Amino acid sequence: MTESPLWPETADVIVVGAGPAGASAAYHLARHGRDVLVLEKAEFPREKVCGDGLTPRAVHHLIRMGVDIEAPGWHRNRGVRFVSRGTTVEIDWPESARFPGFGLTRSRHDFDDLLARRAVAAGARLWTATRVTEPVLDRAGRARGVTALVGAGRRPVVCEAPVIIAADGVSARMAVALGVARLPRRPMATAIRQYYRSAARHDDAFLDIWGDLRARPGGPPLPGYGWIFPMGDGRVNVGLGLVNEARPEPLDTRRVLADWLARTPGEWGLMAPDAPDGPVRGAALPMGFNRLPHYTRGVLLAGDAGGMVSPWNGEGIPYAMESGEVAAEIVNQALARPPGPWRERVLQRYPAEMHRRLGRYYRLGNVWAGLLTRPPVTSFLSRRVVTSPAAMRYLVRLLANVTDEAGGDAADRVINALVRAVPARSPRPRRSRPR
Ligand SMILES: Cc1cc2nc3c(=O)[nH]c(=O)nc-3n(C[C@H](O)[C@H](O)[C@H](O)COP(=O)(O)OP(=O)(O)OC[C@H]3O[C@@H](n4cnc5c(N)ncnc54)[C@H](O)[C@@H]3O)c2cc1C
């Protein structure tokens, strides 16, 4: 890391967290010539619990950051293979003017490091091993900086900037410190994953999704799916994600994972004693804009910090990168105005713009995630929908949000019309009990 000077440090913009949201925000701000200081508690490269799956929507954002996706280390996939009740359906990613017709995988160990390097190459300053502890507020309660502890010696520093982008992930420390609570009625999921060595599956051309996970044999299908994503380096990333629901007793997700893997073909080698490569690790998925508002008192929330994981399929990387870029564009415009009410009006455009882009889609997705917790619905989906190539050709576009807005085919037009028919929601939270 760069040696941080004594105190205080100043910048045009402070970005807290250098995951996909923070790196994207920093890259796009630096490209505008802004002095952006990124504070990241970890040292890169570092592990991040993830499925490592990148849909065409995520690839689109990598290209926007100038990432060389032809370089070694990326593994391409051509679509999704759905497995449910003994039936297998393979669906290619649709080719469109907006999104490429392929996805990728890359371990987050490399991926986040690579994105952070893109931001630094564009001119951003990155301080790693720097844990932000809290916002510094002015007399009016607006954030004017942050306090942080730097390095192994935990040296305290204050960093000041007129605008802060909080991209600190699901813990959302900055948002919590500013009193921005999670909305209890919006969905959360829990996901676990483990790497396995598998000569048979590591360079597969599809992302495998298994749709009929169960807590016990003969029990109802659980609200989520299992995945086997080929990494192209001898390993597969295997995991499962389940929408949280009220249960009489806690679900043992590791047991569910083990029972499911016992059903995979023996030649895949996933049950071999030496197949696991590293421990099972898990984390929460904050979905469907479950933390609002996305802007308050000088701080914009991007990615998981703003609950931006898709309630349709649990992917968060493309939305983290998109929100980082939108935040960067709006902050750049705001900084062109003098401090005061007009700058504030420009910053207020961020939540409005995120809702314009994703509000209706996520609102419908939150209904979808709620329906998944009803056994008759999951049973119907796993039996009738996931096993039908015709249905899955539509559903895959809706789940991964890869329709063309203009000039798309009939499937795109149907899905776009469906999403547009959903009433828009306010980008501000309705009054409800915080959790
Ligand atoms: C098991 C699992 C599987 C998943 N699989 C996929 C998948 O296949 N595809 C997909 O698209 N999404 C997937 N997701 C979701 C995806 O991982 C997240 O949505 C994505 O990482 C969000 O990016 P972010 O930048 O908002 O947050 P993060 O990636 O969490 O980055 C936040 C950063 O902030 C730093 N930070 C936190 N607190 C502080 C602090 N106080 N001071 C300084 N730095 C701080 C952290 O160290 C971290 O680097 C999965 C999630 C899980 C849990």
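Colleague: Which residue in the turn of the hairpin formed by β6 and β7 has a positive phi?

Modeller: This is a predicted model, in which local features need pLDDT of at least 70 and side-chain atom pairs count only at pLDDT 80 or more, while totals for chains, interfaces and linings use all residues. Residues are numbered from 1 along each chain as its sequence is written, and side-chain values use heavy atoms, with hydrogens and water left out. β6 and β7 run antiparallel, joined by 6 bridges (strands are DSSP runs of E of at least two residues, helices runs of H or I of at least four, numbered from the N terminus). The hairpin has 2 residues between its strands, and the turn residue with a positive phi, of about 50 degrees, is arginine 85.

Colleague: Which strands stand at the edges of the sheet that has the order β7-β6-β15-β16-β17-β14-β18?

Modeller: The sheet is open, with 7 strands and mixed pairing; two strands pair if DSSP finds at least two bridges between them. An edge strand here has a single partner, so one of its sides is left without a neighbour in the sheet. That applies to β7 (87-92) and β18 (276-286).

Colleague: Which residue in β16 stands opposite aspartate 208?

Modeller: Strands β15 (residues 206-210) and β16 (residues 224-230) pair in the antiparallel sense, over 3 bridges. The residue opposite aspartate 208 is isoleucine 228.

Colleague: What angle does the direction of helix α5 make with that of β17?

Modeller: Helix α5 (residues 253-261) packs on the sheet and touches β14, β15, β16, β17 and β18, where contact means heavy atoms within 4.5 Å. Axes are lines fitted to C-alpha atoms, for helices over the stretch in contact, and angles run from 0 to 180 degrees between N-to-C directions. For α5 and β17 (235-243) the angle is about 125 degrees.

Colleague: Is threonine 253 buried or exposed?

Modeller: Threonine 253 is in helix α5 and, leaving aside neighbours within four places in sequence, is in contact with Ile192, Leu240 and Leu242. Buried means under 20% relative accessible area, exposed over 50%, and partly exposed in between (1.4 Å probe, protein chains only). Because its relative accessibility is 18%, threonine 253 counts as buried.

Colleague: Where is proline 162 found, and what is its relative accessibility?

Modeller: Proline 162 is in the loop between β12 (155-160) and β13 (163-166). Leaving aside neighbours within four places in sequence, its contacts include Asp12, Arg142 and Arg343. Proline 162 counts as partly exposed because its relative accessibility is 31%.

Colleague: Which helix gives the most to the largest nonpolar core?

Modeller: A nonpolar core is a set of buried Ala, Val, Leu, Ile, Met, Phe, Trp, Tyr and Cys residues joined through side-chain atoms within 4.5 Å. The largest has 92 residues, and among those with the most contacts inside it are Leu62 and Tyr350. With 11 residues, the helix that gives the most to this core is α6 (residues 317-335).

Colleague: How many disulfides does the structure hold?

Modeller: Cysteine 159 is buried, with a relative accessible area of 0%, and cysteine 50 counts as buried at 17% relative accessibility. A disulfide is a pair of cysteine sulfur atoms within 2.5 Å. The number of disulfides in the structure is 0.
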